[in-house]
Amino acid sequence: MNPEHYLIVSAVLFSLGVAGVLVRRQAITILMSIELMLNAGNLAFITFSRMHGTAEGQVYVFFIITLAAAEAAVGLAIVIALFRLRETTDVDELNLLRW
Amino acid sequence: METVAFYSLTFLAVASALVVILQRKPVVSALALAFNLVCIAGFYLLLQAQFMALLQVIVYAGAIMVLILFVVMLLNLGDESTERPSRPIQRWLGGLLTAALALVFGFSVSAVVGAPLPDNAAPFGTAAALGQELFGRFFYPFEVISLLLLVAMIGAVLLAKRRL
(Lines give C-alpha, C1' and ligand atoms only; values in the text may rest on other atoms or scores of the structure.)
Protein backbone atom coordinates (compact mmCIF):
# COMPACT_ATOMS: atom_id res chain seq x y z
CA MET A 1 0.00 0.00 0.00
CA ASN A 2 1.11 3.55 -0.67
CA PRO A 3 1.11 6.16 2.08
CA GLU A 4 -1.39 8.37 0.29
CA HIS A 5 -4.09 5.72 0.67
CA TYR A 6 -3.83 5.98 4.44
CA LEU A 7 -3.66 9.76 4.22
CA ILE A 8 -6.83 9.90 2.13
CA VAL A 9 -8.66 7.74 4.69
CA SER A 10 -7.40 10.10 7.38
CA ALA A 11 -8.63 13.13 5.41
CA VAL A 12 -12.06 11.57 4.92
CA LEU A 13 -12.38 10.71 8.63
CA PHE A 14 -11.30 14.23 9.60
CA SER A 15 -13.91 15.75 7.27
CA LEU A 16 -16.60 13.51 8.74
CA GLY A 17 -15.60 14.78 12.19
CA VAL A 18 -15.91 18.37 11.00
CA ALA A 19 -19.34 17.55 9.56
CA GLY A 20 -20.38 16.14 12.93
CA VAL A 21 -19.34 19.31 14.75
CA LEU A 22 -21.22 21.48 12.23
CA VAL A 23 -24.42 19.46 11.96
CA ARG A 24 -25.11 17.94 15.38
CA ARG A 25 -26.61 19.90 18.25
CA GLN A 26 -26.14 17.52 21.18
CA ALA A 27 -23.03 18.72 23.03
CA ILE A 28 -21.81 15.21 23.76
CA THR A 29 -22.06 14.17 20.10
CA ILE A 30 -19.97 17.23 19.21
CA LEU A 31 -17.34 16.01 21.69
CA MET A 32 -17.40 12.60 20.01
CA SER A 33 -16.89 14.25 16.61
CA ILE A 34 -13.85 16.02 18.03
CA GLU A 35 -12.49 12.61 19.08
CA LEU A 36 -13.05 11.48 15.48
CA MET A 37 -10.92 14.38 14.21
CA LEU A 38 -8.15 13.72 16.73
CA ASN A 39 -8.04 10.11 15.57
CA ALA A 40 -7.80 11.10 11.93
CA GLY A 41 -4.80 13.25 12.84
CA ASN A 42 -3.27 10.32 14.72
CA LEU A 43 -3.65 8.08 11.68
CA ALA A 44 -1.80 10.66 9.55
CA PHE A 45 0.97 10.87 12.17
CA ILE A 46 1.42 7.08 12.22
CA THR A 47 1.48 7.00 8.41
CA PHE A 48 4.22 9.64 8.28
CA SER A 49 6.12 7.81 11.01
CA ARG A 50 5.95 4.62 8.92
CA MET A 51 6.99 6.52 5.78
CA HIS A 52 10.16 7.83 7.41
CA GLY A 53 10.82 4.71 9.46
CA THR A 54 11.24 6.56 12.74
CA ALA A 55 9.28 6.29 15.98
CA GLU A 56 8.87 10.07 16.41
CA GLY A 57 5.38 10.20 14.92
CA GLN A 58 4.29 7.51 17.34
CA VAL A 59 5.53 9.58 20.27
CA TYR A 60 3.36 12.44 19.04
CA VAL A 61 0.39 10.07 18.81
CA PHE A 62 1.11 8.99 22.38
CA PHE A 63 0.93 12.63 23.47
CA ILE A 64 -2.25 13.24 21.48
CA ILE A 65 -3.95 10.24 23.13
CA THR A 66 -3.03 11.68 26.55
CA LEU A 67 -4.35 15.05 25.45
CA ALA A 68 -7.58 13.45 24.26
CA ALA A 69 -8.05 11.80 27.66
CA ALA A 70 -7.63 15.18 29.37
CA GLU A 71 -9.94 16.83 26.86
CA ALA A 72 -12.62 14.17 27.36
CA ALA A 73 -12.47 14.51 31.15
CA VAL A 74 -12.79 18.31 31.12
CA GLY A 75 -15.33 18.35 28.28
CA LEU A 76 -17.58 15.83 29.97
CA ALA A 77 -17.34 17.76 33.25
CA ILE A 78 -18.48 20.87 31.36
CA VAL A 79 -21.38 18.90 29.84
CA ILE A 80 -22.43 17.70 33.32
CA ALA A 81 -22.23 21.24 34.70
CA LEU A 82 -24.28 22.57 31.78
CA PHE A 83 -26.90 19.87 32.23
CA ARG A 84 -27.17 20.72 35.90
CA LEU A 85 -27.64 24.39 35.07
CA ARG A 86 -30.01 24.21 32.10
CA GLU A 87 -31.42 20.63 32.05
CA THR A 88 -30.35 20.33 28.43
CA THR A 89 -27.20 19.81 26.40
CA ASP A 90 -28.64 21.12 23.13
CA VAL A 91 -26.12 23.71 22.01
CA ASP A 92 -28.82 25.76 20.25
CA GLU A 93 -30.44 26.46 23.61
CA LEU A 94 -27.19 27.29 25.37
CA ASN A 95 -27.13 30.94 24.39
CA LEU A 96 -26.32 32.55 27.75
CA LEU A 97 -23.39 34.43 26.31
CA ARG A 98 -25.38 35.83 23.39
CA TRP A 99 -26.71 39.37 23.73
CA MET B 1 -3.75 -9.69 2.00
CA GLU B 2 -2.77 -6.23 3.15
CA THR B 3 -4.90 -4.70 0.42
CA VAL B 4 -7.97 -6.67 1.45
CA ALA B 5 -7.45 -5.74 5.09
CA PHE B 6 -6.93 -2.08 4.15
CA TYR B 7 -10.09 -1.77 2.09
CA SER B 8 -12.32 -3.63 4.55
CA LEU B 9 -10.97 -1.49 7.42
CA THR B 10 -11.57 1.64 5.33
CA PHE B 11 -15.16 0.61 4.67
CA LEU B 12 -15.82 -0.19 8.33
CA ALA B 13 -14.14 3.00 9.61
CA VAL B 14 -15.98 5.32 7.21
CA ALA B 15 -19.31 3.57 7.79
CA SER B 16 -19.00 3.79 11.58
CA ALA B 17 -17.91 7.45 11.35
CA LEU B 18 -21.04 8.12 9.28
CA VAL B 19 -23.15 6.43 11.97
CA VAL B 20 -21.49 8.64 14.62
CA ILE B 21 -22.45 11.86 12.88
CA LEU B 22 -25.82 10.88 11.41
CA GLN B 23 -27.35 9.15 14.42
CA ARG B 24 -29.66 11.14 16.69
CA LYS B 25 -29.25 8.87 19.72
CA PRO B 26 -26.02 9.65 21.61
CA VAL B 27 -25.70 6.06 22.88
CA VAL B 28 -25.62 4.66 19.34
CA SER B 29 -23.13 7.37 18.35
CA ALA B 30 -20.87 6.44 21.24
CA LEU B 31 -20.93 2.72 20.39
CA ALA B 32 -20.21 3.47 16.72
CA LEU B 33 -17.31 5.69 17.79
CA ALA B 34 -15.88 2.85 19.89
CA PHE B 35 -16.05 0.61 16.82
CA ASN B 36 -14.38 3.31 14.73
CA LEU B 37 -11.53 3.56 17.23
CA VAL B 38 -10.97 -0.20 17.02
CA CYS B 39 -10.86 0.08 13.20
CA ILE B 40 -8.20 2.78 13.50
CA ALA B 41 -6.22 0.45 15.77
CA GLY B 42 -6.39 -2.02 12.87
CA PHE B 43 -4.83 0.63 10.60
CA TYR B 44 -2.04 1.06 13.13
CA LEU B 45 -1.39 -2.68 12.99
CA LEU B 46 -1.17 -2.50 9.19
CA LEU B 47 1.35 0.33 9.60
CA GLN B 48 3.46 -1.84 11.94
CA ALA B 49 2.76 0.29 15.01
CA GLN B 50 1.78 -2.58 17.29
CA PHE B 51 2.25 -0.80 20.59
CA MET B 52 0.18 2.22 19.52
CA ALA B 53 -2.56 -0.13 18.32
CA LEU B 54 -2.70 -1.72 21.77
CA LEU B 55 -2.72 1.68 23.47
CA GLN B 56 -5.47 2.82 21.13
CA VAL B 57 -7.69 -0.11 22.12
CA ILE B 58 -6.92 0.08 25.85
CA VAL B 59 -6.90 3.83 26.42
CA TYR B 60 -9.20 5.14 23.69
CA ALA B 61 -11.74 2.40 23.07
CA GLY B 62 -11.51 1.30 26.69
CA ALA B 63 -11.11 4.22 29.04
CA ILE B 64 -12.23 7.31 27.10
CA MET B 65 -15.24 5.66 25.48
CA VAL B 66 -16.40 4.21 28.81
CA LEU B 67 -16.19 7.72 30.26
CA ILE B 68 -18.30 9.14 27.42
CA LEU B 69 -20.85 6.30 27.61
CA PHE B 70 -21.00 6.74 31.38
CA VAL B 71 -21.89 10.42 31.02
CA VAL B 72 -24.46 9.72 28.27
CA MET B 73 -26.21 7.23 30.53
CA LEU B 74 -25.78 9.32 33.69
CA LEU B 75 -27.51 12.31 32.11
CA ASN B 76 -30.02 9.99 30.42
CA LEU B 77 -29.61 11.91 27.18
CA GLY B 78 -32.39 11.06 24.77
CA ASP B 79 -32.68 11.83 21.10
CA GLU B 80 -31.80 15.21 19.79
CA SER B 81 -35.11 17.06 20.15
CA THR B 82 -37.24 16.85 17.03
CA GLU B 83 -39.86 19.40 18.05
CA ARG B 84 -37.32 22.11 17.37
CA PRO B 85 -35.69 20.84 14.18
CA SER B 86 -32.32 22.23 13.25
CA ARG B 87 -32.37 24.85 10.57
CA PRO B 88 -32.02 23.34 7.10
CA ILE B 89 -29.24 25.81 6.33
CA GLN B 90 -27.15 24.28 9.09
CA ARG B 91 -27.46 20.84 7.53
CA TRP B 92 -26.93 21.87 3.91
CA LEU B 93 -24.19 24.44 4.47
CA GLY B 94 -22.42 22.07 6.89
CA GLY B 95 -22.52 19.23 4.38
CA LEU B 96 -21.39 21.46 1.51
CA LEU B 97 -18.48 22.99 3.40
CA THR B 98 -17.39 19.58 4.61
CA ALA B 99 -17.45 18.15 1.09
CA ALA B 100 -15.30 21.08 -0.06
CA LEU B 101 -12.89 20.46 2.84
CA ALA B 102 -12.69 16.74 2.00
CA LEU B 103 -11.88 17.57 -1.64
CA VAL B 104 -9.14 20.03 -0.69
CA PHE B 105 -7.65 17.58 1.82
CA GLY B 106 -7.91 14.64 -0.58
CA PHE B 107 -6.15 16.47 -3.40
CA SER B 108 -3.44 17.86 -1.18
CA VAL B 109 -2.57 14.53 0.45
CA SER B 110 -2.68 12.63 -2.84
CA ALA B 111 0.16 14.96 -3.92
CA VAL B 112 2.40 13.10 -1.43
CA VAL B 113 5.03 11.20 -3.38
CA GLY B 114 3.50 7.82 -4.07
CA ALA B 115 6.42 5.56 -3.23
CA PRO B 116 5.23 2.28 -1.68
CA LEU B 117 5.90 2.02 2.02
CA PRO B 118 9.39 0.67 2.73
CA ASP B 119 9.87 -2.50 4.73
CA ASN B 120 11.13 -1.63 8.16
CA ALA B 121 13.76 -4.14 9.12
CA ALA B 122 14.54 -2.40 12.40
CA PRO B 123 12.03 -2.83 15.23
CA PHE B 124 9.91 0.21 14.77
CA GLY B 125 6.55 0.04 16.49
CA THR B 126 7.51 -1.98 19.55
CA ALA B 127 7.25 -0.77 23.12
CA ALA B 128 11.05 -0.85 23.36
CA ALA B 129 11.57 1.44 20.35
CA LEU B 130 8.91 3.84 21.57
CA GLY B 131 10.26 3.84 25.12
CA GLN B 132 13.73 4.74 23.86
CA GLU B 133 12.34 7.86 22.19
CA LEU B 134 9.94 8.71 24.99
CA PHE B 135 12.49 8.59 27.81
CA GLY B 136 15.33 9.89 25.68
CA ARG B 137 14.66 12.85 23.45
CA PHE B 138 11.10 13.40 24.57
CA PHE B 139 11.69 13.17 28.31
CA TYR B 140 10.66 16.74 29.23
CA PRO B 141 7.52 16.81 27.05
CA PHE B 142 6.59 13.51 28.68
CA GLU B 143 6.84 15.07 32.14
CA VAL B 144 4.86 18.12 31.02
CA ILE B 145 2.07 15.95 29.63
CA SER B 146 1.79 14.16 32.97
CA LEU B 147 1.35 17.57 34.57
CA LEU B 148 -1.40 18.26 32.02
CA LEU B 149 -3.21 15.10 33.13
CA LEU B 150 -3.05 16.25 36.76
CA VAL B 151 -4.43 19.69 35.85
CA ALA B 152 -7.23 18.11 33.79
CA MET B 153 -8.13 15.86 36.72
CA ILE B 154 -8.36 18.81 39.13
CA GLY B 155 -10.30 20.83 36.56
CA ALA B 156 -12.81 18.04 35.96
CA VAL B 157 -13.46 17.65 39.69
CA LEU B 158 -13.85 21.40 40.14
CA LEU B 159 -16.25 21.73 37.21
CA ALA B 160 -18.45 18.77 38.00
CA LYS B 161 -18.65 19.31 41.76
CA ARG B 162 -21.88 20.93 42.84
CA ARG B 163 -20.37 22.99 45.62
CA LEU B 164 -16.80 23.13 46.84
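A residue is called buried if 20 or more other C-beta atoms lie within 10 Å of its own, exposed if 12 or fewer do, and partly exposed in between. Keep that scale in mind during this tour, which goes through a predicted model.

**First stop: the loop residue Gln48(B)**

Select Gln48(B), which sits in the loop between α2 and α3 of chain B. Is Gln48(B) buried, exposed or partly exposed? With 19 C-beta neighbours inside 10 Å, Gln48(B) counts as partly exposed, because a buried residue would need 20 or more. Look at its backbone as well, since Gln48(B) has a positive phi of about 65° although it is not a glycine.

**Second stop: the two helices on either side of that loop**

Now select residues 26-46 of chain B, which form helix α2, together with residues 50-74 of chain B, which form helix α3. Two packed helices are described by the angle between their axes and the distance between those axes. For this pair, the axes come within 8 Å and cross at roughly 175°, which makes α2(B) roughly antiparallel to α3(B), because angles over 145 degrees count that way. To see the contact, show the side chains on both helices: α2(B) contributes residues including Pro26(B), Ala30(B), Leu33(B), Leu37(B) and Tyr44(B), while among those from α3(B) are Gln50(B), Met52(B), Tyr60(B), Ile68(B) and Val72(B). Colour these residues by class, and the contact of α2(B) with α3(B) shows 20 nonpolar, two polar and no charged residues.

**Third stop: chain B as a whole**

Zoom out to chain B, whose secondary structure comes to six helices and zero strands, so that from the N terminus on its elements run α-α-α-α-α-α. The radius of gyration of chain B is 20 Å, well over the 15 Å that the globule rule gives for 164 residues, so chain B is more spread out than a compact globule. Turn the chain along its principal axes, and its C-alpha atoms fill a box of roughly 60 × 45 × 25 Å. Buried residues make up 23% of the 164 residues in chain B.

**Fourth stop: chain A**

Select chain A next, and follow three helices and zero strands in the pattern α-α-α along the sequence. The C-alpha atoms of chain A fill a box of roughly 50 × 25 × 20 Å along the principal axes, and its radius of gyration is 17 Å, where a compact globule of 99 residues would have one near 13 Å. Of the 99 residues in chain A, 51% are buried.

Within this chain, pick Leu38(A), which lies in helix α2 of chain A. Leu38(A) is partly exposed, with 19 other C-beta atoms within 10 Å. Leaving aside residues up to four places away in sequence, Leu38(A) touches Ile64(A) and Ala68(A). Then draw a line from the C-alpha atom of Leu38(A) to that of Leu13(A): these residues are 25 apart in sequence and 9.6 Å apart in space.

**Fifth stop: where the chains meet**

Display both chains together, and find the 60 residues of chain A that are in contact with 72 residues of chain B. Which elements give two or more residues to the chain A side? They are α1 (3-23), α2 (27-52) and α3 (56-86) of chain A, and α3(A) gives the most, with 21 residues. By class, this side of chain A has 40 nonpolar, 13 polar and seven charged residues.

Stay with α3(A) and add helix α5 (residues 127-135) of chain B, which packs against it at an angle of about 75°, with the axes 9 Å apart; the two helices are therefore roughly perpendicular to each other. Their contact is made by Glu56(A), Gln58(A), Val59(A) and Phe62(A) on one side and Leu130(B), Glu133(B) and Leu134(B) on the other, which divide into four nonpolar, one polar and two charged residues.

**Last stop: the nonpolar core**

Finally, select Leu13(A), Ile28(A), Leu43(A), Leu33(B), Tyr44(B) and Ile68(B), which touch the most other members of the largest nonpolar core, a set of 61 residues. At least two core residues come from each of α1, α2 and α3 of chain A and α1 (2-22), α2, α3 and α6 (139-160) of chain B, and α2(A) gives the most, with eleven. End on Ile68(B), which, not counting residues up to four places away in sequence, touches Ile28(A), Met32(A), Ala72(A), Leu76(A) and Ala30(B).

Methods
Residues numbered from 1 in each chain as written. Chains lettered and ligands numbered in written order. Predicted model: local features only at pLDDT ≥ 70, side-chain atom pairs only at ≥ 80, totals over all residues. Axes fitted to C-alpha atoms, helices over the stretch in contact; angles between N-to-C directions. Helix = DSSP H or I, 4+ residues; strand = E, 2+ residues; numbered from the N terminus. Parallel < 35°, antiparallel > 145°, perpendicular 65-115°, else oblique. Contact = placed C-beta atoms within 7 Å. Nonpolar A, V, L, I, M, F, W, Y, C, P; charged D, E, K, R; others polar. Rg over C-alpha atoms; globule rule 2.2 N^0.38 Å. Core = buried A, V, L, I, M, F, W, Y, C linked by C-beta atoms within 7 Å.
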